[in-house]
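Me: Could you take me through one part of this model in detail, strand by strand and residue by residue? I would like to see how it connects to what surrounds it.

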Amino acid sequence: MVLYEEADVSGSVVNGGFNRRLAGELAEMQEQGVYKTLLHIMGMQGAVVELEEFGETVNLCSNNYVGLCDVPEVVEAVREGATRYGAGTASVRFICGTWAIHRELEDRIADFLETEASITYTSCWNANGGLFAPLLTDEDALISDALNHASIIDGIRLCKAERHVYKHMDMDALEDALKKTMDKRHRMVMTDGVFSMEGEIAPLPVIRELCDRYDAVLTVDDSHATGVLGDTGRGTPEHFGMHGEVDIITSTLGKALGGMAGGFTASSRPVVDYLVQRSRTQLFTNAIPPYSACGAMAAIDYLEAHPERVQKLRDNTDYFRRNLVGLGFNPIEGDTPIVPVIIGETAAAMRMSRELLDEGVFVIGFGFPVVPKGEARIRCQVSAAHEIGHLDRALAALDKVGKRLGVI
Ligand SMILES: Cc1ncc(COP(=O)(O)O)c(C=O)c1O
């Protein structure tokens with residue numbers, strides 16, 4: 001790691017004043033203990049990963065929720081896809097043609113989520129980034145939970161609709177915003193299905209009821225719920241028994257569904273066809289590589305054939321949460337495999353993460369601006385890839401470090 005307090009950046013070819021300002025701010029971040037350091041994994045994603053900097057660690061830091069990243073059927077599908085279709089598309093779909101395998105995946109996603117259609121993007125970041133601006137104009141209103149994912153916030157910034165941000169999961173505040181926007185042509189309510197930093201599940205039945213009452217479109221980013229929630233991993237709608245009741249779902253292929261790159265929007269045929277016409281984050285960029293499409297389809301097939309993976313994830317989550325509380329920790333309550341423990345200051349959360357790494361457990365600390373000021377946390381993520389032995393190792397390290405740092 002470069003130590004910016006001591007680094008001499010004068011020899012750089014980049015503009016001197018500009019480069020010095022950035023180096024100065026980086027030095028401040030380092031001094032305050034909030035500088036992020038990238039950690040490098042040496043092998044496959046799994047329950048245990050080897051970090052270049054720390055050796056073998058129990059992995060409580062991945063979105064590999066149902067453990068599909070190293071499932072042979074998925075890996076083999078990627079290999080076969082690369083053999084059949086090559087390295088990539090070198091093509092924007094509407095200009096240079098698209099691949100039948102993309103259409104097949106889009107049909108498969110729609111079938112899995114019981115929607116009419118879906119469209120894929122190279123990431124869910126791009127799905128959210130390209131969603132709002134084409135569908136809504138200044139005649140409309142967008143109403144968004146305060147803790148929605150950064151990709152939603154940025155996507156909304158690109159849209160001319162009137163913006164309303166309601167206090168996190170506060171249904172009265174949501175209703176107020178809906179009332180205030182009744183003069184608009186359309187209202188769209190946007191929420192994460194599962195909030196990535198809190199692990200909380202959005203109260204979808206109440207939100208749906210409000211959307212019906214005020215004639216609003218309901219859009220859910222289910223990135224941390226697809227493959228995770230519901231008996232068969234179909235996400236937040238399945239969790240609440242609300243299949244077919246969400247107007248638009250965005251989600252990722254980069255977490256539970258095999259962890260590859262890719263995202264999608266699933267909805268009615270007109271919504272999807274409209275995005276094909278107007279969504280800039282798929283109109284002016286490549287499609288996902290065909291091998292990723294093959295891998296994602298194999299991941300969906302595998303999940304459908306193995307719903308016990310979802311149950312194992314649930315059992316592991318119960319075990320981890322119960323024992324964490326037993327040790328004296330006070331994680332944010334919830335039913336999802338995202339188990340955050342609030343520490344307070346960013347530097348303290350980062351220190352705890354660092355000491356856990358020294359004890360062979362990979363957990364990361366998050367601070368402002370990723371989470372609100374004063375609510376820095378370590379975020380533990382449980383996976384179906386874990387065996388009880390892995391979770392016990394992690395709990396023992398959390399106990400040791402938690403006591404040492406006075407967290408418990
Ligand atoms: C809620 C949510 N939406 C979208 C994304 C972006 O997903 P992707 O990695 O596919 O861009 C993430 C990733 O962290 C997320 O947590």
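Reply: Happy to! Let's begin with a pair of residues: Ile342 sits across from Arg377 of strand β13. This is a predicted model, in which local features need pLDDT of at least 70 and side-chain atom pairs count only at pLDDT 80 or more, while totals for chains, interfaces and linings use all residues. Residue numbers start from 1 in each chain and follow its sequence as written.

Strand β13 covers residues 376-381, and 6 of its 6 residues are buried. Here, buried means 20 or more other C-beta atoms within 10 Å of a residue's own, exposed means 12 or fewer, and partly exposed is in between, with C-beta atoms placed from the backbone. Cover comes from both faces of β13: Ala376, Ile378 and Cys380 are buried on one side, and Arg377, Arg379 and Gln381 on the other. Strands are DSSP runs of E with at least two residues, helices are runs of H or I with at least four, and the numbering goes from the N terminus.

Two strands pair with β13, where pairing requires at least two bridges found by DSSP. With β10 (residues 338-344), β13 forms 6 bridges in the antiparallel sense. With β12 (residues 364-366), the arrangement is also antiparallel, over 3 bridges. One of the bridge partners here is Gly365, which is matched with Ile378 in β13.

Ile364 belongs to β12 too, and this residue is buried because 20 other C-beta atoms lie within 10 Å. Beyond its neighbours within four places in sequence, Ile364 is in contact with Cys61, Ser353, Ile378 and Arg379; contact means that the C-beta atoms, placed from the backbone, lie within 7 Å. By contrast, Leu275 is 89 residues away from Ile364 along the chain, and their C-alpha atoms are 36 Å apart.

Next comes another sheet. β1, β2 and β11 form an open sheet of 3 strands in the order β1-β2-β11, with mixed pairing. Both β1 and β11 are edge strands with a single partner strand, so each has one side without a neighbour in the sheet. Between β2 and β11 the pairing is parallel, over 2 bridges, with Asn59 bridged to Phe362 in β11.

This sheet leads us to helix α16, whose buried residues pack against β1 (48-51), β2 (55-59) and β11 (361-362), as well as the helices α14 (308-326) and α15 (346-358). The 17 residues of α16 (residues 388-404) should span 24 Å at 1.5 Å a residue, and the end C-alpha atoms are indeed 24 Å apart; the expected span is 1.5 Å times one less than the number of residues. The buried members of α16 are His390, Leu391, Ala394, Leu395, Ala397, Leu398, Val401 and Gly402. They fall within an arc of 165° when seen down the axis of α16, so they line one face of the helix; that arc is taken over the directions from the helix axis to the C-beta atoms. Turned away from that buried side are the exposed residues Ile388, Gly389, Lys403 and Arg404. Just past α16, Gly406 has a positive phi of about 70°.

One last stop is α14, which includes Gln311. Gln311 is partly exposed, since 14 other C-beta atoms lie within 10 Å. Gly230 is 81 residues from Gln311 in sequence, with 9.3 Å between their C-alpha atoms.

Conventions: Two residues are in contact if their C-beta atoms, placed from the backbone, lie within 7 Å.
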